[in-house]
Amino acid sequence: MRFLYAPAAILALAGFAIVALPPVAAAQISDVPQQRIDGLSTDYREAGEFLSGNMPVNAPVVTFSPEVPFFVMRRQVTRGEYGACVSAGACRALDTAGEPDLPATGISFEDANTYAAWLSRRTGEVWRLPSDREWRLFAGTRAVDDAFQEGSPDNPAERWLSRYDEEARRREPEEARAQPVGTFGENEHGLLDLSGNVWEWTSTCYARSRIDPATGQIARHDNCGVRIAEGAHRAYLTSFIRDPKSGACSVGRPPTNLGMRLVREEKGFLSGVRSFFGL
Amino acid sequence: MITRRNALLGAASAATAALMVSGPARAAGSATSGLAAASPAGDLPRIKGELVTPPHVMAHDQVAKGGPRIVEFKMVVEEKKVVVDDQGTEFQAMTYNGSMPGPTMVVHEGDYLELTLVNPETNTMPHNIDFHASTGALGGGALTLINPGEQTVLRFKAFRPGVFIYHCAPTGMVPWHVVSGMSGTVMVLPRDGLKDGEGKPLHYDRVYTIGEFDLYIPKDADGNYMTYDSPGESYSDTLDVMRGLIPTHVVFNGKVGALTGESAMPAKVGETVLFIHSCANRDSRPHLIGGHGDWVWETGKFANAPQKDQETWFVRGGSAAAAIYTFRQPGIYAYVNHNLIEAAELGATGHVKVEGDWNDDLMTQVSAPGPIVG
Ligand SMILES: [Cu+2]
């Protein structure tokens, strides 16, 4: 059925194309403006932890260019939109009150999936969280590389200290309260508020990969109880966490807030898309 | 420089050669203390203590050079709004010299500590000071109550060696002033320095002073922290939270993260660090994650032998403790209140950043995390 994508393929020839779509008429709740992501490509640093032997090393960089276009919400899901799911009895109420126009925060990975499933039922479309690759693709220049100084194998503390300093220096949003849509501006693909003070859940699991220094073979171990939230830095969080702000006991700064931005699959390509993004 | 009086009495000792000994004008100033002019302290050389903001501690000798002196300090009470966490929660603080805790004053056993306390016109509350290191008059509280626009001078003899709390204690409002930030530490060192239980000297290369604060910030009906324009306006709501005895924040040095990130405490492998930990109101149990207390004066009083090889020690509310540790391994150490809920959820965490060579003998990662084998 790939031939159906001929128009997209032609657009892709011109580099890339993003087409703003008119609001979906079927249900008011899905009126959120969307962008079509097609023909984009990005150098993607793999998520998770990589060890060479016993030594942590930077994750490899791969080229990511999805074969199938998809749509992404131009802005994050708002409190009002999430509230409609709560009113419908499908979603768990948020822990705090706030203006309906503000981005929904205090969202766990599970909340986000529940909302996506409800929205899909309501609209007859397939809404889901983006994978970490997809997020980094559409975030473009708003995605932050998390390469680190690898340090010497004799002294693990060098790496800990340099990472600590880097995190301490990192400029992150000073305002913790969720801000009106658009506060953090638009990226080159027309998407609002990426890497502002609301991190966005992705569907990607935390994984540890061990590279055998002798053979180069990689053994990978996934832990899907921990998922990736993307924003001003890539964060690994237990899936049921709603509020990541809890002191500074562990080394490493938590995200400021947790929210979501969903992607929508194009009808008719469900199976292909699923298998591709299930990576 | 030698004061005229000391020169006349021939009492000048080597100590009076110290750079900061003040001139005769200061000696005249001491008459405002209200103590008899013939007070024995009046004959002693004077030096000015240069206070610094915690976690740093003023420069001082670990072993006293020469005989007792009068050490002059000045602190200004500052009422101000501060932010206490990374969510921007505002708090009506009352402070000595603008910091929580107030600066740590260091003297030696037998010295006289002479404090000029200033309450500027811009403040709204009366304040005073109760020195746990002092004797009489409610620790000086009864002699030092000053209204906005006033100042006072108090002198006391520091004859008990140890680390001691000082705090504000205005009648009827003591706990509120204390949990609003008004506390700090006096360290009275033995003249011949710190010793282990067998009389062997103990030295430190660095010293950090940590003040732990339990904060009680009111919330509105929606669960958001309330903001007030003055300490007075926050009083009754704050008192309601205080009476529940459950703090909203437990923090080191005034706010969540005051001792982490770019404000983490640096040290090096091989260096010995003295940690002073004061709790003006509520108990704590400091623990250095990845390290120990080599020598710990849990109750903070140096005439008692320190305890060895401590994992966690207890700081009674209303006291200060002292712990000495030599860092043997590089990395990030978390200095926490080991009620870990208070450390991780309420804020009582600091970090020590230690540089140096890794010691494989002390610890080695034999196999990094990987699949289960066998
Ligand atoms: Cu006071």
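## A partly exposed salt bridge in chain A

A:Glu49 has a relative accessible area of 25%, so this residue counts as partly exposed. The model described here is predicted. The side chain of A:Glu49 meets that of A:Arg208 in a salt bridge, with 3.3 Å from N to O. The two residues come from distant parts of the chain: A:Glu49 is in strand β4 of chain A and A:Arg208 in strand β9 (residues 199–211), 159 residues apart. A:Arg208 is also partly exposed, with a relative accessible area of 25%.

## Helix α4 and a buried salt bridge

A second salt bridge in chain A joins A:Glu46 and A:Arg133, whose closest N and O atoms are 3.1 Å apart. A:Glu46 lies in the loop between β3 (42–45) and β4 (49–52) of chain A, while A:Arg133 belongs to helix α4 of chain A, so the salt bridge ties together parts that are 87 residues apart in sequence. Both A:Glu46 and A:Arg133 are buried.

Helix α4 of chain A covers residues 132–139, and 8 of its 8 residues are buried. Charged residues are listed among them, including A:Asp132, A:Arg133, A:Glu134 and A:Arg136, along with A:Trp135, A:Leu137 and A:Phe138. Just after α4(A), A:Gly140 takes a positive phi of about 55°.

## Chain A as a whole

Chain A contains 6 helices and 13 strands. Of its 279 residues, 50% count as buried. Among contacts in chain A with a separation of 6 or more, 68% are between residues 24 or more positions apart.

One buried residue is A:Ser108, with a relative accessible area of 1%. A:Ser108 sits in the loop between α2 (79–87) and α3 (109–123) of chain A. Not counting residues up to four places away in sequence, A:Ser108 touches A:Trp201, A:Ser239, A:Phe240, A:Ile241 and A:Arg242.

## Chain B as a whole

Chain B has 5 helices and 21 strands. Buried residues make up 54% of its 374 residues. Of the contacts in chain B between residues at least 6 apart in sequence, 74% join residues at least 24 apart.

## The copper site

Chain B provides the residues that coordinate the copper ion: B:His127 through ND1, B:Cys168 through SG, B:His177 through ND1 and B:Met182 through SD, at 2.0 to 2.4 Å. The angles among the 4 donor atoms run from 89 to 131°, and the site is tetrahedral. Along the chain, the donors follow the spacing H-x40-C-x8-H-x4-M.

The two histidines come from distant parts of the chain, 50 residues apart: B:His127 is in the loop between β5 (112–119) and β6 (130–131) of chain B, and B:His177 is in helix α3 (residues 174–179) of chain B. B:His127 counts as buried at 0% relative accessibility. B:His177 is buried too, with a relative accessible area of 0%.

## Salt bridges in chain B

Over all chains, a search of the whole structure finds 35 salt bridges. In chain B, B:Arg46, B:Lys48, B:Glu72, B:Glu114 and B:Arg155 are linked in a network of salt bridges.

B:Arg316 and B:Glu298 form a salt bridge in which the closest N and O atoms are 3.5 Å apart. This pair links two loops of chain B, with B:Arg316 between β18 (307–310) and β19 (319–326) and B:Glu298 between β17 (293–297) and β18, 18 residues apart. B:Arg316 is partly exposed, at a relative accessible area of 34%. B:Glu298, at 19%, is buried, because the cut-off for buried is under 20%.

## Where the chains meet

In the interface, 29 residues of chain B are in contact with 23 residues of chain A. The area buried between the two chains is about 2300 Å², and carbon and sulfur atoms give 60% of it. B:Gln87, B:Ile332 and B:Trp358 supply 23% of the area that chain B buries against chain A, more than any other three residues.

The interface holds 1 salt bridge. B:Lys353 and A:Asp165 meet through their side chains in a salt bridge of 2.7 Å, N to O. There are also 8 residue pairs in polar contact across the interface. On the chain B side, the elements that give two or more residues are β20 (331–337), α5 (340–346) and β21 (349–355). β21(B) gives the most, with 5 residues.

## A buried residue in strand β21

B:Val352 is found in strand β21 of chain B, and counts as buried at 0% relative accessibility. Its C-alpha atom is separated by 5.7 Å from that of B:Ile332, 20 residues apart along the chain. Leaving aside neighbours within four places in sequence, the contacts of B:Val352 include B:Met265, B:Phe275, B:Leu288, B:Phe327 and B:Ile332.

Notes: Residues are numbered from 1 along each chain as its sequence is written. Chains are lettered from A and ligands numbered from 1 in the order in which they are written. This is a predicted model: local features need pLDDT of at least 70, side-chain atom pairs count only at pLDDT 80 or more; totals for chains, interfaces and linings use all residues. Side-chain values use heavy atoms; hydrogens and water are left out. Donors are N, O and S atoms within 2.8 Å of the metal (3.2 Å for Na, K and Ca); water is not among the atoms, so sites may look incomplete. Four donors count as tetrahedral if all angles lie between 85 and 135 degrees; four count as square planar and six as octahedral if opposite donors are over 155 degrees apart and all others between 65 and 115; anything else is irregular. Helices (H or I, at least four residues) and strands (E, at least two) are DSSP runs, numbered from the N terminus. Buried means under 20% relative accessible area, exposed over 50%, partly exposed in between (1.4 Å probe, protein chains only). Contact means heavy atoms within 4.5 Å. Buried area is the accessible area (1.4 Å probe) that two parts lose on being put together, summed over both. A salt bridge is a side-chain nitrogen of Lys or Arg within 4 Å of a carboxyl oxygen of Asp or Glu. A polar contact is a pair of N or O atoms within 3.5 Å; within protein, one must be able to donate a hydrogen and the other to accept it, and residues adjacent in sequence count only if both atoms are side-chain atoms.
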